[in-house]
Amino acid sequence: MSILLSNISKQFGAFSALSNINLEIPEGELVALLGPSGCGKTTLLRIIAGLEQADKGRVLLSGVDKTTQNVSKRGIGFVFQHYALFRHMTVFENVAFGLRVKPRRERLDNETITKKVHALLELVQLDWLHDRYPDQLSGGQRQRIALARALAVEPSVLLLDEPFGALDASVRKDLRQWLRNLHHELNVTSIFVTHDQEEAMEVASQVVVLNHGRIEQQGTPSDIYDHPANAFVSRFIGQTNIFDMAEQDADWLQIAGLLPTQKESKIAHVRPHDIIIEKTSANQDAPATLKDWQHLGALIRLELVKNGSNANTPSVFAEMPNEQFKQLALSRGDKVALQIRQAHWFQ
Amino acid sequence: MNVIQLPVNKLVAPKPQALQDPDWVRWSLITIAISFISLFILLPLGLVIVKAFSKGIEAYWSALSEPDTLSAIKLTLITAAVTVPLNTLFGVTAAWAVTRFDFKGKSLLTTLIDLPFSVSPVISGFIFVLLFGAEGWFGDWLVQHQIKIIFTISGIVLATLFITFPFVARQLIPLMQEMGSQEEEAALSLGASGWRTFWSVTLPNIKWALLYGVLLCNARAMGEFGAVSVVSGHIRGLTNTLPLHVEVNYNEYNIVGAFASASILAALAVLTLILKTALEWQQARR
């Protein structure tokens with residue numbers, strides 16, 4: 001199902017949750033709505049679902065205007081952050097619910113329902129839990145059951161509200177990969193909301209970045225990362241060093257090999273891996289000193305202090321592969337030369 | 001989930017040493033609590049039983065099988081049978097409206113639901129007299145249509161309806177607010193109708209609180225005195241409920257009669273207590 005949102009606005013009292021959202025989601029994509037808390041992403045998801053009504057604008061699902069249609073008739077599947085499993089029903093009954101409430105004409109007979117439910121539980125690898133109750137399951141298990149339940153009614157679009165927000169870090173990692181695989185298998189258009197940019201970049205094929213009720217950028221993870229549309233996106237996604245020409249020494253940056261591309265751009269955003277570090281000898285005028293480093297597994301993050309600056313200027317963070325760092329054989333307090341490979345310039 | 005809090009099972013870990021009161025404090029508090037309960041609850045209950053049987057079992061039974069007593073019991077049962085289902089319906093509807101929708105006047109409705117608790121029962125009864133009595137607002141209209149409310153069973157039912165309507169709502173509203181509407185939203189997103197959602201998802205989740213509310217509503221409906229006293233006219237055999245019947249007997253120095261009827265009400269109280277504990281135990285188990 002393709003989704004088209006046209007000029008959607010929503011207010012809660014005096015608070016403007018969404019302003020003029022225009023969004024198109026082609027069929028079959030796995031889209032992340034990404035943004036900080038309060039940016040309106042959950043509200044947007046609920047408007048697509050029909051759990052909230054927009055004040056202005058239209059929602060079109062597969063070209064059909066469904067703006068005022070009831071949530072129960074939109075053919076969507078919704079997965080909640082806290083699972084919302086029916087606590088007094090077994091896992092089996094939870095998943096079967098959508099099939100049991102279909103109008104009589106469309107309802108399948110009991111045997112078929114049983115088969116379908118078991119097939120879905122097999123899909124999420126939890127068939128062995130079919131007669132348990134939700135409060136006997138772990139968080140990760142509950143979320144998978146919630147997903148199976150949403151898929152039971154064969155929705156045209158799957159909507160997930162911070163699906164992994166309430167889970168442990170390791171469970172979250174596993175489920176992210178699992179969701180991505182599931183999406184490849186089923187190919188249902190899916191939209192999930194998250195504030196975790198790592199999660200969005202890892203799982204989604206399209207990322208929509210929101211802030212204060214507006215869309216900042218929409219694109220593939222590589223687009224968003226390599227070509228951020230504005231300062232907010234650049235700061236929000238991945239790690240960034242921010243250099244303000246007006247405040248910092250333009251000279252310092254020049255030594256580092258950074259020149260502004262246009263006259264008006266004053267602020268440079270530099271990714272840590274775009275900073276190349278070289279050791280210098282002690283008597284040379286080095287731009288920076290290595291203050292500390294952190295071992296992040298495959299990468300090492302280096303914290304550098306700009307030489308010739310006062311105590312309050314923020315550190316510069318660089319990243320390099322583990323092996324490279326070992327070869328450089330740096331110690332804390334060493335002076336280093338650096339070269340900035342590329343930067344994104346903003347006003 | 002728990003509106004009623006009574007840790008029937010010892011599910012809680014023992015308190016750390018630092019937080020425990022010294023022995024003498026604990027024993028004093030327990031003694032005070034037990035004395036209080038004994039003096040104000042156990043003693044009177046015991047007294048009711050003793051006085052009821054003070055002239056022997058024969059006298060007890062004949063007091064109970066008197067026609068006036070029997071019609072008082074019948075009236076009490078009819079009143080409960082009408083008001084409890086109606087107030088359950090009202091309570092569920094009000095709780096659903098208040099916790100699942102936003103509308104103007106929501107806080108006014110919530111305040112009004114609590115109104116019968118803050119008004120003296122005698123005043124509640126008096127309101128109905130002012131509305132439906134011969135000199136009341138609707139008095140002339142009622143006379144024209146030959147409808148009698150005050151001094152009839154209708155008046156008693158109306159007054160009891162007013163007195164007992166908060167009970168079910170007050171049990172359900174905090175519970176449903178705490179539970180949130182996510183399960184209902186999930187059910188709707190899966191294609192269930194509003195009615196089906198209520199029946200399959202909401203009702204099973206609130207059933208213990210609902211039963212508890214019904215229990216309280218019933219206990220009050222059967223035991224109400226003040227409001228019913230004002231509207232009933234105390235017509236023996238016709239408009240005396242059991243509590244009223246107790247008063248009538250007592251005023252005529254029919255001690256055995258009064259306490260015999262009272263013993264039924266006491267038995268009702270004990271039964272309510274037993275059922276209440278059973279319900280709490282059920283809730284704690286889940």
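Let's start with confidence in chain B: this is a predicted model, and the mean pLDDT of chain B is 87, with 95% of its residues reaching 70 or more. Go through chain B element by element and helix α7 (residues 139-144) comes out with the lowest mean pLDDT, 84, while α10(B) has the highest, at 94. The part to treat with care is residues 1-8 of chain B, where pLDDT stays under 50. For that stretch the model has 13 contacts beyond four places in sequence. As for the model overall, the scores are ipTM 0.85 and pTM 0.82.

What is chain B made of? You'll find 14 helices and zero strands, so reading along the sequence is just one α after another. The C-alpha trace of chain B spans about 60 × 60 × 30 Å along its principal axes. Of the 286 residues in chain B, 40% are buried. Now take the contacts in chain B with a separation of 6 or more: 74% of them come from residues 24 or more positions apart.

Next, look at where the two chains meet. On one side are 17 residues of chain B, and they are in contact with 22 residues of chain A. Between them, chain B and chain A bury about 1,800 Å², with 59% of it on carbon and sulfur atoms. Which residues of chain B lose the most area to chain A? They are Glu183(B), Ser189(B) and Leu190(B), which together account for 34% of what that side buries.

Glu183(B) is worth another look, as this residue also forms a salt bridge with Arg87(A) across to the other chain. The closest N and O atoms of that pair are 2.7 Å apart. In total, the rule finds two salt bridges across the interface of chain B and chain A, along with four residue pairs in polar contact, both partners at pLDDT 80 or more. On the chain B side, the elements that give two or more residues to the surface touching chain A are α10 (182-189) and α11 (194-223). The largest share, seven residues, comes from α10(B), the helix that also has the highest mean pLDDT among the elements of chain B. By type, the chain B residues that touch chain A divide into eight nonpolar, five polar and four charged.

Salt bridges turn up within the chains too, and the count over all chains comes to 22. Side chains of opposite charge can pair when their charged atoms come close. Take Arg26(B) and Asp23(B), whose side chains meet in a salt bridge at 2.6 Å, N to O. Because these two are three residues apart in helix α1 (residues 23-52) of chain B, about one helical turn separates them. Arg26(B) counts as partly exposed because its relative accessibility is 41%, and Asp23(B) counts as partly exposed too, at 45%.

Chain A has a pair of its own in helix α3 (residues 110-123): Glu111(A) and Lys115(A). Their side chains meet in a salt bridge, 3.7 Å from N to O. The two residues are four apart in that helix, so they are separated by about one helical turn. Are they buried or exposed? Both Glu111(A) and Lys115(A) are exposed.

Now turn to Glu199(A) and Arg176(A), which form a salt bridge with their closest N and O atoms 3.4 Å apart. This pair links distant parts of the chain: Glu199(A) sits in helix α6 (residues 197-203) of chain A and Arg176(A) in helix α5 (residues 169-186), 23 residues apart. Both Glu199(A) and Arg176(A) are buried. They also belong to a network of salt bridges that links Arg176(A), Asp196(A), Glu199(A) and Glu202(A).

One last stop in chain A is Thr289(A), which lies in strand β14 (residues 288-296). Why does Thr289(A) count as buried? Its relative accessibility is 17%, and the cut-off for buried is under 20%. Which residues does Thr289(A) touch, leaving aside its neighbours within four places in sequence? Its contacts are Glu303(A), Leu304(A), Val305(A), Asn307(A), Gly333(A), Asp334(A) and Lys335(A).

Definitions and conventions:
Residues numbered from 1 in each chain as written. Chains lettered and ligands numbered in written order. Heavy atoms only, no water. Buried < 20%, exposed > 50% of the residue type's maximum accessible area, 1.4 Å probe, protein only. Contact = heavy atoms within 4.5 Å. Buried area = accessible area lost by both parts, 1.4 Å probe. Salt bridge = Lys/Arg side-chain N within 4 Å of Asp/Glu carboxyl O. Polar contact = N/O pair within 3.5 Å; in protein donor to acceptor, adjacent residues only side chain to side chain. Nonpolar A, V, L, I, M, F, W, Y, C, P; charged D, E, K, R; others polar. pLDDT = per-residue confidence, 0-100.
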